[in-house]
Amino acid sequence: MIRAPKVTALLASVALVGSLSPAFALDGQDLLNKINAIYGPDGGTVKAQSVEVDGSNVVLKGVSITPVGPDAKPLDIGELTLQDVTEEDGGAYHIGLLEFPDIDMTQDKASIKVSDLYLSGIWIPGDVTTGDINSLPIYEEAHSGPISISVDGKEVFSMQEATGTMETSEDETTLSFAGDITGIKADLSTVEDAKAKETIQALGLESIDGNVTMAGSWEVPTGTIEVEEYAFEFANIGTLNLAFSLSGYTMDLIKQLQETSRQMQSQPGNEQAQQAAGLAMLGLMQQMSFNSAEISFDDDGITKRGLDFAGKQQGTSGEQMAQMVKAMVPVLLGQFKLAELQATVPAAVNTYVDDPQNLTISLAPEKPVPFPMIMGAGMGAPETLPKLLGVTVTANEE
């Protein structure tokens, strides 16, 4: 038998918990407001007809999303459930999982299907104005399952899977990112234009099959962006890989660019205002510097087919076209007064054309070059760019 004092204590505890529970309940509307605080500066909005809280889940009903852009129209999404939501220090939120409805649309003769769309490990900042990494929206993973696009019932494009990830460093100064798109397939055999069809067939591009990978990082305090890999790999074509490093892309610069963009969007019909904002945008870009870059291509058959096709168009063979290319390169360099490249580029092109394996263009200046200096050289003395940017061209290196 429970004694009266114990009953009283038990009832008091229940009453205390009941009175405190609203303070710890999630505020779904506050979460939606903070989501809009992220996209508001760019002009995008997320609206919901109602917001409901169900335990640790926040349910948004009648959702419409308006993308960034002056002519953007709202997209009706329907219902979204933000799962495993927790409120963090400083009014931030962490969302465990956000799944999107599958897409199955048909318009005219085209149809598109997309499935398994979700974001996981989403960080919604409590304050987007602090200027540090915690003021950024970050997700651990963005995912899309199969995508299929068909025209007249025939699939012309498909993708198996796309995944993007983000990770912050322990000292919360650097954001690393990576992405993969696998199983990309495109059917170009249905192209009707006769000239385009001839080109596609000659280059062996009726069917395209490949993948895309990307990896890099952003050091927030210095605004240094390092893209270590951005590779497009396609069978029977080759692999194009881009890598580059820029500095000066700071949070402060981003805010200034957003403000200028808002001004442009607010007066779309005012040509004078658009020109002024455009000049302001160019002025802001002067805060950035170029550190390095590398563009490389590993051939998988497209070069020979390209030379054969170009030769056929000129009434000659692929071998003769290769010799013409080798002869034209020094002439073109001379016309553009690019003496700095006269010694290296023709040799690299000759090596590659004779035996297409790989070709690499590297830009490695001795120290970071401010963008205004590059723009000025490009307009006033383009022949100085190779030395300014440390340009080198190599071929068939292991």
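**A walk through the fold, starting at a turn**

Let's start at Asp 152, which sits in the loop between β10 and β11 (154-159). A quick word on labels: helices (H or I, at least four residues) and strands (E, at least two) are DSSP runs, and they are numbered from the N terminus. What you are looking at is a predicted model, where local features need pLDDT of at least 70 and side-chain atom pairs count only at pLDDT 80 or more, while totals for chains, interfaces and linings use all residues. Residues are numbered from 1 along each chain as its sequence is written, and side-chain values use heavy atoms, with hydrogens and water left out.

Back to Asp 152. Its phi is positive, at about 55°, although the residue is not a glycine. Is Asp 152 buried or exposed? With a relative accessible area of 55%, Asp 152 is exposed; the scale here is buried under 20%, exposed over 50% and partly exposed in between (1.4 Å probe, protein chains only). Step back into strand β10 (residues 147-151) and you meet Ser 150, which counts as buried at 12% relative accessibility. Who touches Ser 150 once its neighbours within four places in sequence are set aside? The list is Lys 109, Ala 110, Ser 111, Glu 155 and Val 156, where a contact means heavy atoms within 4.5 Å.

Glu 172 offers a second case of that backbone feature: a positive phi of about 55° in a residue that is not a glycine. You'll find Glu 172 in the loop between β12 (161-168) and β13 (174-187). At 41% relative accessibility, Glu 172 counts as partly exposed.

Now zoom out. Across the protein chain there are ten helices and 20 strands. The radius of gyration is 28 Å, well over the 21 Å that the globule rule gives for 398 residues, so the protein chain is more spread out than a compact globule. That radius is taken over C-alpha atoms, and the globule rule is 2.2 Å times the number of residues to the power 0.38. Along its principal axes, the C-alpha trace spans about 105 × 50 × 50 Å. Buried residues account for 32% of the 398 residues. As for the contacts between residues at least 6 apart in sequence, 55% of them join residues at least 24 apart.

On charge, the protein chain carries 21 positive and 56 negative side chains, and the centres of the two sets are 5 Å apart. Lys and Arg count as positive and Asp and Glu as negative, with His and the chain ends not counted; each charge is placed at NZ of Lys, CZ of Arg, CG of Asp or CD of Glu.

Two strand residues make good stops next. Thr 163 has its place in strand β12 and is partly exposed, with a relative accessible area of 23%. Leaving out neighbours within four places in sequence, the contacts of Thr 163 are Glu 141, Ala 142, His 143, Ala 178, Gly 179 and Asp 180. Asn 57 lies in strand β3 (residues 57-66) and is also partly exposed, at 21% relative accessible area. What separates the C-alpha atoms of Asn 57 and Gln 83 in space? The gap is 4.6 Å, although these two are 26 residues apart along the chain. Gln 83 is one of the contacts of Asn 57, together with Leu 26, Glu 52, Thr 81, Leu 82 and Asp 84, again without neighbours within four places in sequence.

Last stop, the aromatics. A pair of aromatic rings is described by the distance of the centres and the angle of the planes. Here, rings of Phe, Tyr and Trp (its six-membered ring) pair if their centres lie within 6.5 Å; planes under 30 degrees apart count as stacked, over 60 as edge-to-face and the rest as tilted. By this rule there are two aromatic pairs. Trp 218 and Tyr 249 have ring centres 6.0 Å apart and planes at 50°, so the pair is tilted. Trp 218 belongs to strand β14 (residues 207-219) and Tyr 249 to the loop between β16 (238-247) and α4 (251-266), so the pair ties together parts that are 31 residues apart in sequence. Trp 218 is buried at 10% relative accessible area, whereas Tyr 249 is partly exposed at 29%. Tyr 230 and Phe 232 form a stacked pair, 5.1 Å centre to centre with 20° between the planes. Tyr 230 is partly exposed at 34% relative accessible area, and Phe 232 counts as partly exposed at 28%.
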